[in-house]
Amino acid sequence: IADEADIGYYDASRIPFIDQARKAGAEIGSHSFSHSELFDRFPFGTIMVTAKTYHPIHAPTVIGEVKASKELLDHDLPGQHTKSFRAGELAFPPQLIEALEMTGYRYDSTFSANNIITNYPFFAFQRTQIGSRETAIVEIPVTVDDSQGYLTPATKDRVVDTWTDIIEANRANAAMTCILIHPTDVTYKLDVFQRLLERYTSQPVWIGTVGALGDFWVRRAHADFRLAAGAEGLEIRLNRNAVDLGSD
């Protein structure tokens, strides 16, 4: 397809590059089917849609965007089970979580931390309305974003300093910092990412994917504890050990 945003570029020639990134340790998630700026206005659609029957220009739907993209990735990449989603433009339809739940996703990273005022993951509600049911979908808020002209060759030093301040503030609060950098330039954008990695790989912080954080958050939610007075003070006893929680 071709529209006001881009041309169709997901074809057989690109799949080996995606697989190469996966083999290098990257998580492959869905970024929607068409990356439409109008995604948050799409109708919900039907679960019966498939990658072959979905028409994003003539009949766009929320279900179609999440299901068709996952179907393509899971079919084209051996052993792939797509579990993470982030909408294009960070557009958030009211029924996005419901659609993700129905189509087999486990994690979403579409909400901006600036909008919901938290950097901590949480279990998302089925719809963006009061009284909606809590789901098993873990929402991982996006903390910082390179788009809309914020990160440029002229601003990269300032961005590194600003993002470092944010990371340190969250770190002091035992919170996560989810970084969104578009792979549209392998010069200054890659340089910023590498500088952040070099700064923190030698420090006692965790760096990983949306899916890895989501996996930990689910295990964390199933961990329970009880307090007891021990001979040497207060004891905290977990129903799971550190290995089960994925912690060192």
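Leaving aside its neighbours within four places in sequence, which residues is Ser109 in contact with? Before I answer, please keep in mind that what we are looking at is a predicted model.

Ser109 sits in the loop that runs between strand E2 (107-108) and helix H4 (113-116), and, with those sequence neighbours set aside, Ser109 is in contact with Phe85, Arg86, Leu90, Glu139, Ile140, Val142, Cys178 and Val210. Ser109 counts as buried because its relative accessibility is 1%, where the cut-off for buried is under 20%.

Let me follow one of those contacts, Phe85, into the interior. Again leaving aside neighbours within four places in sequence, Phe85 is in contact with Ser30, His31, Ser32, Phe39, Val66, Leu96, Leu100, Tyr105, Tyr107, Asp108, Ser109 and Thr110. Phe85 also belongs to the largest nonpolar core, which has 21 residues, and within that core Phe39, Val66, Phe85, Leu96 and Leu100 touch the most other members. Helix H2 (62-76) and helix H3 (96-102) are the elements that give two or more residues to this core. Apart from it there is another core, made of 10 residues, including Val160, Ile167, Tyr188 and Val192.

In soluble globular proteins, nonpolar side chains tend to be buried together. With that in mind, I would like to turn to the surface, where Phe225, Leu227, Leu234, Ile236 and Leu238 make a nonpolar patch of about 560 Å². Strand E7 (225-230) and strand E8 (233-238) each supply at least two residues of this patch, with Leu227 placed in E7, while E8 gives the largest share, three residues.

Technical notes. Residues numbered from 1 in each chain as written. Predicted model: local features only at pLDDT ≥ 70, side-chain atom pairs only at ≥ 80, totals over all residues. Heavy atoms only, no water. Patch = residues over 30% accessible without salt bridge, like charges linked within 9 Å, V, L, I, M, F, W, Y side chains within 5 Å. Areas by Shrake-Rupley, 256 points an atom, 1.4 Å probe, with all protein chains shown as cover. Salt bridge = Lys/Arg side-chain N within 4 Å of Asp/Glu carboxyl O. Helix = DSSP H or I, 4+ residues; strand = E, 2+ residues; numbered from the N terminus. Core = buried A, V, L, I, M, F, W, Y, C linked by side-chain atoms within 4.5 Å. Buried < 20%, exposed > 50% of the residue type's maximum accessible area, 1.4 Å probe, protein only. Contact = heavy atoms within 4.5 Å.
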